[in-house]
Amino acid sequence: TLGPWFNTWIKFVIPIILTSVLVGTLWQDLSGGLYGSTYDMPGWGWLTFSIPIFWIVATLIIAAVLTRSPTATGAARHNPPPSA
């Protein structure tokens, strides 16, 4: 067995470390401006802000479509049985 300390690390310590790294990196990236937002592109300035927005929206749409699609084996959707 791994011991009781392992559950504590998995439930609390590791998520705190990962969250702090992700938030710190996101803060560092966004505080200096989005990637390419400082480029001088006359007439194309909207592009540096529209691409990340398009990327996020497209990712959410694709995730929703894949979530609703049947499994790869062709089995039925995994719906819980109706309660009695």
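**Exercise 1. Classify Thr59 as buried, partly exposed or exposed.**

Step 1. Recall the classes: buried means under 20% relative accessible area, exposed means over 50%, and partly exposed lies in between (1.4 Å probe, protein chains only).
Step 2. Thr59 has a relative accessible area of 42%, so Thr59 is partly exposed.
Step 3. Place the residue: Thr59 lies in helix α2. Helices (H or I, at least four residues) are DSSP runs, numbered from the N terminus.

The model is predicted: local features need pLDDT of at least 70, side-chain atom pairs count only at pLDDT 80 or more, and totals for chains, interfaces and linings use all residues. Residues are numbered from 1 along each chain as its sequence is written, and side-chain values use heavy atoms, without hydrogens and water.

**Exercise 2. Find the backbone oxygen that the side chain of Thr59 reaches.**

Step 1. Look at Trp55: its backbone oxygen is reached by the Thr59 side chain at 2.7 Å.
Step 2. Recall the general pattern: an α-helix has 3.6 residues a turn, so residues three or four places apart point the same way.

**Exercise 3. Describe the span and burial of helix α2.**

Step 1. Helix α2 covers residues 47–68, which is 22 residues.
Step 2. From first C-alpha to last, α2 reaches 31 Å, close to the 32 Å expected at 1.5 Å a residue. The expected span is 1.5 Å times one less than the number of residues.
Step 3. Of the 22 residues of α2, 1 is buried, so the helix lies largely in the open.
Step 4. Now the whole chain: buried residues make up 2% of its 84 residues. The chain has 2 helices and 0 strands (E, at least two residues).

**Exercise 4. Characterise the aromatic pair of Phe6.**

Step 1. Phe6 lies in helix α1, residues 4–31.
Step 2. Apply the rule: rings of Phe, Tyr and Trp (its six-membered ring) pair if their centres lie within 6.5 Å; planes under 30 degrees apart are stacked, over 60 edge-to-face, the rest tilted.
Step 3. The count is 1 aromatic pair. Trp5 and Phe6 form it, edge-to-face, at 6.1 Å centre to centre and 85° between the planes.
Step 4. Check the exposure: with a relative accessible area of 30%, Phe6 is partly exposed.

Note on methods: Polar contact = N/O pair within 3.5 Å; in protein donor to acceptor, adjacent residues only side chain to side chain.
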